[in-house]
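These are my notebook entries from a first look through a structure that was new to me. I wrote down what I looked up, one topic at a time.

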Amino acid sequence: MFSRIREDIASIIDRDPAARTGWEVLTCYPGLHAIVMHRWAHWCWMRGLKWLGRFISHVARGLTGIEIHPGATVGRRVFIDHGFGVVIGETAEVGDDCTIYQGVTLGGTSLSKGAKRHPTLGRGAIIGAGAKVLGGFTVGEGAKVGSNAVVVKEVPPGATAVGNPAHIVQKDAGKQREEAAARVFAAYGVTLSGDEDPLSTALHKLIDHAVSQEQQMQKIVAALQAAGVGCEDLPSKDKFDAEQLNKLVE
């Protein structure tokens, strides 16, 4: 047990630049306290001591503000940062080296007892503050869920899910190993590597296409006029301002 706690403390110090000493982490990090108490509760739950497991979970919730059902499976070196308001459901599975921020819900969308109702987080997944991951699907290894995203479908390994409902930003799988160090602390699931929102990207492309079409039309009109073909002037409209539109969708 003590070796696992030392491992947890070392992991937190590696991932949180605000953590200064092991003693500070041990005494002042509710995420660590919640994980340790969950291990006690889970031990009881798996041995048929259901009420005792729930009671330990209830006490942990009061002390830390983090609610982890004793039936949930939590891996090694899981870091719940700040943690207040985190809820992890009964059939949830949290892989090794995951990071979960405050206000996260790993919730279920089914009322069927005994079914897999809650999500599975792959190794190294990062769930940003306020995110809701709802359902019995998998968030892949190394994936990120942005702050306040609402995820209701599977997230591929290495991808980022943002928005409500969440949409996927697929990362280049070939860069995974090169970016491993950067993934260790990606605050609140925010990616600084240049990943773009696909909706914003599509809108920018549409604007660029409209600019290209307007330029083509101007050339066609100029060529017709040069050939002596009259072109009737249409009622004037507001000038198309591509730069202003691009700023609006950034």
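**Entry on helix 4.** I began with the outward side of helix 4 in this predicted model, where I found Trp51, His58 and Gly62 exposed. I then looked up the buried residues of helix 4, and these are Gly53, Ile56, Ser57, Ala60 and Thr64. They sit on the same side of helix 4, because the arc they cover around the axis is only 100°. For the length I noted that helix 4 spans residues 50-64, which is 15 residues, and that it reaches 21 Å from its first C-alpha to its last, close to the 21 Å expected at 1.5 Å a residue.

**Entry on helix 1.** I turned next to helix 1, which has 14 residues and reaches 20 Å between its first and last C-alpha, close to the 20 Å expected at 1.5 Å a residue. Which residues of helix 1 are buried? I listed Ile5, Asp8, Ile9, Ser11, Ile12 and Arg15. They lie on the same side of helix 1, since they cover an arc of only 165° around the axis. On the face of helix 1 turned away from this buried side I found the exposed residues Phe2, Arg6 and Asp14.

**Entry on arginine 15.** I wanted to know what surrounds arginine 15, which lies in helix 1 (residues 2-15). Arginine 15 is buried and yet has no salt bridge, for the nearest side chain of opposite charge, that of aspartate 97, is 4.4 Å away, whereas a salt bridge requires a side-chain nitrogen within 4 Å of a carboxyl oxygen. I did find polar partners for arginine 15: its side chain makes a polar contact of 2.5 Å with the side chain of serine 11, and a polar atom of its side chain lies 3.1 Å from the backbone oxygen of aspartate 97.

**Entry on the salt bridges.** How many salt bridges does a search of the whole structure find? I noted 10, and I followed a few of them in turn.

The side chains of arginine 77 and glutamate 7 meet in a salt bridge, at 3.0 Å from N to O. Arginine 77 lies in the loop between strand 2 (73-74) and strand 3, while glutamate 7 lies in helix 1, so this pair ties together parts that are 70 residues apart in sequence. I also checked how open the two partners are: arginine 77 is buried, with a relative accessible area of 18%, and glutamate 7 counts as partly exposed at 22% relative accessibility.

Arginine 123 forms a salt bridge with aspartate 96, with 3.5 Å between the closest N and O atoms. Arginine 123 lies in the loop between strand 8 (120-121) and strand 9 (126-127), and aspartate 96 in the loop between strand 5 (93-94) and strand 6, so the pair ties together parts that are 27 residues apart in sequence. Both are partly exposed, arginine 123 at 43% relative accessibility and aspartate 96 with a relative accessible area of 23%.

Arginine 123 also meets the side chain of aspartate 97 in a salt bridge of 3.0 Å, N to O. This pair again links distant parts of the chain, 26 residues apart, with aspartate 97 in the loop between strand 5 and strand 6 and arginine 123 in the loop between strand 8 and strand 9. Aspartate 97 counts as partly exposed, at 22% relative accessibility. I closed this entry with the network of salt bridges, which links Glu7, Arg76, Arg77, Asp96, Asp97 and Arg123.

**Entry on the sheets.** I looked up the strand order last. In one open sheet of 6 strands, the order is 3-6-9-12-14-15 and the pairing is mixed. Its edge strands are strand 3 (79-80) and strand 15 (167-169), each of which pairs on one side only. Strand 3 runs parallel to strand 6 (residues 99-100), and 2 bridges join them, with phenylalanine 79 opposite threonine 99 in strand 6.

Another open sheet has 5 strands in the order 1-4-7-10-13, with parallel pairing. Here strand 1 (67-68) and strand 13 (150-151) are the edge strands, each pairing on one side only. I noted 2 bridges between strand 1 and strand 4 (residues 87-88), which pair in the parallel sense, and I found glutamate 67 opposite valine 87 in strand 4.

Conventions:
Residues are numbered from 1 along each chain as its sequence is written. This is a predicted model: local features need pLDDT of at least 70, side-chain atom pairs count only at pLDDT 80 or more; totals for chains, interfaces and linings use all residues. Side-chain values use heavy atoms; hydrogens and water are left out. Two strands pair if DSSP finds at least two bridges between them. Helices (H or I, at least four residues) and strands (E, at least two) are DSSP runs, numbered from the N terminus. Buried means under 20% relative accessible area, exposed over 50%, partly exposed in between (1.4 Å probe, protein chains only). Lys and Arg count as positive and Asp and Glu as negative; His and the chain ends are not counted. A polar contact is a pair of N or O atoms within 3.5 Å; within protein, one must be able to donate a hydrogen and the other to accept it, and residues adjacent in sequence count only if both atoms are side-chain atoms. The expected span of a helix is 1.5 Å times one less than its number of residues. The arc is that of the directions from the helix axis to the C-beta atoms.
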